[in-house]
Amino acid sequence: MDHDQEKFYEDEDQEVRAEAQQPSVGEDIDDMKYFLELLKHIRAAIRSGANVPLTNKKIIDAEKCLMIIDDMERNLPDAVQYGMQMFSERDRILGNAETAAMNRVSSAEMRANAALEKAKNEAEQIVADAENEAHAILADAQDRADRMVDENEIVRQAREEARIIKNDARVEASELRLKANHDAYQLLSSVEDELTEACKAIRRRRAELGDDAE
């Protein structure tokens, strides 16, 4: 680079720095414009370097180029600085997202377990109530049959009626058991469907987190 070119760059660089340091009243510094101007300066410094004979290489002022690069680093545009900051905080953001997702998964699993336990308790209570009612019906039928058998005049009829009552009681008790089992099955099936939907939602959320992490 000859002396005139070097002086021209220094003068021009000083003007750009002066404009960046002393913005006009009511006007903000255009950091992107200044950054692009610095790029132009370093490109001009490289192009103005002296050619090495018989090669396509140039001799450039390394100190000047480094000075421009330092200036560029100190004056990165806000968007670039924000992007670098976000990249540096990427692990923290992903960690927070993963923690939140795991908390939601744990909460969903706790609710699912609680719903399953409640359904099991309700089903067991339904079956127990049905069995108690069936035992009560059988006991009442036996008492009635015993009282009728003790009457000599209607012994045969009493025995026949007792047999019928016992059979009816057994049928009714069996129907109550079947109904209780059916109700318990329907309740457990409903809980199973809810748990299945909850698991699907959890898997979708985990898949979304996996895509975001990539």
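Helices here are DSSP runs of H or I with at least four residues, strands are runs of E with at least two, and both are numbered from the N terminus. The model is a predicted one, where local features need pLDDT of at least 70 and side-chain atom pairs count only at pLDDT 80 or more, while totals for chains, interfaces and linings use all residues. Residues are numbered from 1 along each chain as its sequence is written, and side-chain values use heavy atoms, with hydrogens and water left out.

**View 1. Glu160 and Arg163 pair up within helix H6.** The two residues sit three apart, about one turn of the helix. Their side chains meet in a salt bridge, at 2.5 Å from N to O; the term stands for a side-chain nitrogen of Lys or Arg within 4 Å of a carboxyl oxygen of Asp or Glu. Glu160 is partly exposed because its relative accessibility is 37%, and Arg163 gets that label too, with a relative accessible area of 44%. For these labels, buried means under 20% relative accessible area, exposed means over 50%, and partly exposed is whatever falls in between (1.4 Å probe, protein chains only). A search of the whole structure turns up five salt bridges.

**View 2. Lys179 and Asp183 form another salt bridge.** The closest N and O atoms are 3.0 Å apart. Since the partners are four residues apart in helix H6, about one helical turn separates them. Lys179 counts as exposed at 51% relative accessibility, whereas Asp183, at 29%, is partly exposed.

**View 3. Further along the sequence numbering, Arg205 meets Glu208.** This salt bridge spans 3.3 Å from N to O. The two residues are three apart in helix H6, so about one helical turn lies between them. Both ends are partly exposed: Glu208 has a relative accessible area of 41%, and Arg205 comes in at 30% relative accessibility.

**View 4. Acidic residues gather in a patch of negative charge on the surface.** The members are Asp129, Glu133, Asp168, Glu172 and Glu175. To join a patch, a residue needs over 30% relative accessible area and no salt bridge, and like charges are joined within 9 Å (for nonpolar side chains, namely Val, Leu, Ile, Met, Phe, Trp and Tyr, the cut-off is 5 Å). Asp and Glu count as negative, Lys and Arg as positive, and His and the chain ends are not counted. Each charge is placed at CG of Asp, CD of Glu, NZ of Lys or CZ of Arg. Areas come from the Shrake-Rupley method with a 1.4 Å probe, and for residues only the protein chains shown count as cover. Helix H5 (90-149) and helix H6 (155-213) each supply at least two residues, with the largest share, three residues, coming from H6. Glu133 belongs to helix H5 and is partly exposed, at 42% relative accessible area.

**View 5. Leu54 has a positive phi, near 65°, without being a glycine.** Leu54 lies in the loop between strand E1 (50-51) and strand E2 (58-59). With a relative accessible area of 90%, Leu54 is exposed. In the wider fold, the secondary structure comes to six helices and two strands, running α-α-β-β-α-α-α-α along the sequence.

**View 6. Cys65 is buried, while Cys199 is partly exposed.** Cys65 has 8% relative accessibility; Cys199 has 37%. The structure holds zero disulfides, a disulfide being a pair of cysteine sulfur atoms within 2.5 Å. Across the protein, 20% of the 214 residues count as buried.
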